[in-house]
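This report describes strand pairing, core packing and polar interactions in one protein model. The structure is shown first, and the description follows.

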Amino acid sequence: MTKKIFNNEYELITPGTMGRDFGKKDMVFCIIYCAEGRQYENYDYFLNSPDPKQRAKANLKVPTVLTISRQDGKRGFVGGNVEPYHNTLVEALKQELEEEINLVNIDESRLELFLTYANDKRHITTYIYRVSYEELLEIDRISM
């Protein structure tokens, strides 16, 4: 198993290895990622500007991630604890997606393992779920 220390606190471990095998608390998170977000497309200021550079912003495509409000008032990604009744990390992640943003029936083939790390108490695995801009808008709509 390859290990590498990050910030003197976390270490990279073999992807997909469950923390409970090491006596640690498992957590799983999902970064919902859209490569072509269009944050300015509905702003009249940009659409109607006499400045062509400002008008171009109306069609600007920017990478966008979905975050949620946490209980402590900060922003974060969908996810949480892996419970003992979960057989896999993906099973736990799917439950968190449904509970937190009402997203059901995700296409598991589009889940990409992004990062897994651990400290002395936790083993945290993060996945990326890539979506189109239209899918991102739909996720935002159903999570309200």
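How many salt bridges does a search of the whole structure find? The search finds five salt bridges, a salt bridge being a side-chain nitrogen of Lys or Arg within 4 Å of a carboxyl oxygen of Asp or Glu. The model is predicted: local features need pLDDT of at least 70 and side-chain atom pairs count only at pLDDT 80 or more, while totals for chains, interfaces and linings use all residues. Residues are numbered from 1 along each chain as its sequence is written, and side-chain values use heavy atoms, with hydrogens and water left out.

Three of the salt bridges are listed here with the distance between the closest N and O atoms.

| Salt bridge | Closest N and O atoms |
|---|---|
| D72 and R70 | 2.4 Å |
| R110 and E135 | 2.9 Å |
| E112 and R130 | 3.2 Å |

The pair E112 and R130 links distant parts of the chain, with E112 in strand β8 and R130 in strand β9, 18 residues apart. Accessibility is classed as buried (under 20% relative accessible area), exposed (over 50%) or partly exposed (in between), using a 1.4 Å probe and protein chains only. E112 is partly exposed because its relative accessible area is 36%, and R130 is likewise partly exposed at 38%.

Strands and helices are DSSP runs numbered from the N terminus (helices H or I, at least four residues; strands E, at least two). Strands count as paired if DSSP finds at least two bridges between them. Strand β3 (residues 25-37) pairs with β9 (residues 122-130) in the parallel sense over nine bridges, and D26 has H123 as its bridge partner in β9. β3 also runs antiparallel to β7, joined by four bridges, with G79 as the partner of F29. Four further bridges join β3 antiparallel to strand β4 (residues 62-66), where V62 is the partner of G37.

The largest nonpolar core (buried Ala, Val, Leu, Ile, Met, Phe, Trp, Tyr and Cys residues joined through side-chain atoms within 4.5 Å) has 23 residues, of which I32, L97, I101 and L111 touch the most other members. β3, α3, β9 and α4 (133-142) each supply at least two residues of this core, and α3 gives the most, with six.

H86 is found in the loop between β7 (78-81) and α3 (89-101). With a relative accessible area of 2%, H86 is buried. A polar contact (N or O atoms within 3.5 Å, one able to donate a hydrogen and the other to accept it; residues adjacent in sequence count only if both atoms are side-chain atoms) of 2.6 Å joins the side chains of H86 and Q95. The H86 side chain also reaches the backbone nitrogen of E83 at 2.9 Å.
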